[in-house]
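User: Could you take one part of this model and go through it slowly with me? Pick a packing contact, tell me who touches whom, and then work outwards from there.

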Amino acid sequence: MTIFTQFVWLAGILLEGVILIRAIYGKFLTKYYLFYLYIASVFLGSIFLYVVDIVIHARLGRLYWSVNFMTLSLGCGVIFEISRQVFAHRVTLDRVARWSMAITFGAIFFLVSVHAFLLPQWNPTTNSADLERDLRIAQAIVLMTILFLAGYYRIETGKNIKGMILGLGVYVGASILSLSLRLLVGPAFDTAWSMIQSSSYLAALSIWAVALWSYDPGPAPRPPISGGEYRTLAGRTQELLGSINDQLDGTPPR
Amino acid sequence: MIQFVFSLLIGIALLLILYFFARGGKVSAEGSAQQLREAKQTLDSLQFGLLPNDLVHRIFAREDLEYVRRAAAPQVQSLFLSERKDISLAWVRRVRGAILSLMRFHRGHARLYAQLNLSTELLLAINFARLLMVCRILEMALYLRGPYAAPGMVRTVASTAGTVCTISEKSLVFLKVNQIDPLKNDPSHHGASV
């Protein structure tokens, strides 16, 4: 194990521990339970793999991918948590985000099943990088959908959620880029890929540690307004758009 | 290769969106007095300042050009065309600005509602986008060819706007606005209060 890998591994365990301890100390572990479930699983997984590496190094490869896929799946819970928090009290937007999640992840898992059934030589452990890239792409699509909707409706997020989004986004973005380059360049890119992956994960953990140092859910949303009022607002906006259209339609008299 | 380009594009797009998300400015208070006042001003400016038929016909009146051509020297004609072009460009830019303000106001208020109507929101987003595009095309036509020199181009723009108008009418029927609030949708009532 190189010094860099050793450093990233230990620093990661330390940061994961700090994030968990701060949440327990600040009593907000249950507020973002899906996020902390992910952090706890990564924390325990990292310690387990570290011990395995010292005791039975030969089995590390196979165990690494098994643990990695488990944490990767739990990572989808982080996106679920982000959507739940960003669109709290916005039923429709939350539903849109969940649908996009179901469709993208469903498509990925469907493709994996098709590959597994139709191609006997294909299995997730030998094609682990491809599978990871596909799952990261699915995560990126859902994250972009959430960010687009939040930006379009100018929904404010607190420091905690903003940090969660930034940390996950940086890690997912860097993973996709490095995995894509690995696909193109081949095994020669393995060392660089490993470094990019580890550094971006460490960056994500650092962002999470800072953003989730204390509980800050952001501004409390105003109580939701009834559907009737919404229809009136939408109707009036449409009406005005229609009137502008009428005017533009007859603009330069010919 | 396609897989590589696709995943590369997704990765870059995500990092770019994150960058804009991270540097995003502070959102003004929901339904604040200032926001409402600005929206009211925008609506007043659109309905009573920019859109009245008289004003629009005056800016694009062909009779004016014919009169100047008949009665004035070439230098005066050129000055007239240049000033009329500036006025028509300023008008279309202000209309576009007002539409943008209206769009921001609608989005700012729509976020307060727990249950949005997805199809209505999609239609509104499409209508706003098309209107903004129509304004931009009109602006380019006026800039490149002047207020009178591009009838074909103007007709194309007008027909695009007509399509937008039809979509708006359809969505109005879907929403049944008259049934929701009959008093405030009276044509005689210039509903500047959104």
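Analyst:
**Start at the first contact, then work outwards**

On the α1(A) side, the residues that meet α2(A) are Trp9(A), Gly12(A), Ile13(A), Glu16(A), Gly17(A), Ile19(A), Leu20(A) and Ala23(A). Facing them from α2(A) are Tyr36(A), Ile39(A), Ala40(A), Val42(A), Phe43(A), Ser46(A), Ile47(A) and Tyr50(A). By class, this contact splits into 12 nonpolar, three polar and one charged. Keep in mind that this is a predicted model.

As for geometry, the axes of α1(A) and α2(A) are 9 Å apart and pack at an angle of about 145 degrees. The crossing of this pair is left-handed.

Staying with α1(A), have a look at Ile21(A), which sits in that helix but isn't on the list of residues meeting α2(A). Is Ile21(A) buried or exposed? Ile21(A) is exposed, because just 10 other C-beta atoms lie within 10 Å and the cut-off for exposed is 12 or fewer. Ile21(A) also brings in a residue from much further along the chain: Trp213(A) is 192 residues away in sequence, yet the C-alpha to C-alpha distance is 9.5 Å.

Now follow the chain out of α1(A). The loop between α1 and α2 of chain A holds Lys27(A), which has a positive phi of about 55 degrees despite not being a glycine. That's worth a glance because most residues other than glycine have a negative phi. Lys27(A) is exposed too, with 9 other C-beta atoms within 10 Å. Arg154(A) is another non-glycine with a positive phi, here about 50 degrees, and it lies in the loop between α5 and α6 of chain A. Arg154(A) counts as partly exposed, since 16 C-beta neighbours fall inside 10 Å.

That loop leads to α6(A), and α6(A) has two contacts to go through. One is with α7(A): the axes are 8 Å apart and the packing angle is about 175 degrees, so α6(A) runs roughly antiparallel to α7(A). The contact of α6(A) with α7(A) has 15 nonpolar, seven polar and four charged residues.

The other contact crosses to chain B. Helix α6 of chain A (residues 159–185) and helix α1 of chain B (residues 2–22) have axes that come within 9 Å and cross at roughly 155 degrees, and they are therefore roughly antiparallel as well. The crossing is left-handed. From α6(A), the residues in this contact include Ile165(A), Leu166(A), Gly169(A), Val172(A), Gly173(A) and Ile176(A); from α1(B), they include Phe4(B), Leu8(B), Gly11(B), Leu14(B), Leu15(B) and Leu18(B). The full set divides into 16 nonpolar, five polar and no charged residues.

How does this tie in with the interior? The largest nonpolar core has 54 residues, and Leu143(A), Ile146(A) and Met164(A) have the most contacts inside it. α1 to α7 of chain A, together with α1 of chain B, each supply at least two residues of this core, so both partners of your starting contact are in there, as are α6(A), α7(A) and α1(B). Leu143(A) shows the link on the scale of one residue: leaving out residues up to four places away in sequence, it touches Ile79(A), Leu168(A), Gly169(A), Val172(A) and Leu14(B). Of those neighbours, Gly169(A), Val172(A) and Leu14(B) also belong to the α6(A) contact with α1(B). Then there's a second, separate core of 16 residues, with Val92(B), Leu131(B), Leu138(B) and Ala141(B) among them.

Finally, the setting. Chain A has eight helices and zero strands, and chain B likewise comes to eight helices and zero strands. Of the 254 residues of chain A, 37% count as buried; for the 194 residues of chain B, the buried share is 26%. In chain A, 78% of the contacts between residues at least 6 apart in sequence join residues at least 24 apart. The matching figure for chain B, for contacts with a separation of 6 or more, is 77% at 24 or more positions.

Key. Residues numbered from 1 in each chain as written. Chains lettered and ligands numbered in written order. Predicted model: local features only at pLDDT ≥ 70, side-chain atom pairs only at ≥ 80, totals over all residues. Axes fitted to C-alpha atoms, helices over the stretch in contact; angles between N-to-C directions. Helix = DSSP H or I, 4+ residues; strand = E, 2+ residues; numbered from the N terminus. Parallel < 35°, antiparallel > 145°, perpendicular 65-115°, else oblique. Left-handed = near helix turned anticlockwise from the far one by under 90°. Contact = placed C-beta atoms within 7 Å. Nonpolar A, V, L, I, M, F, W, Y, C, P; charged D, E, K, R; others polar. Core = buried A, V, L, I, M, F, W, Y, C linked by C-beta atoms within 7 Å. Buried ≥ 20, exposed ≤ 12 C-beta atoms within 10 Å, placed from the backbone.
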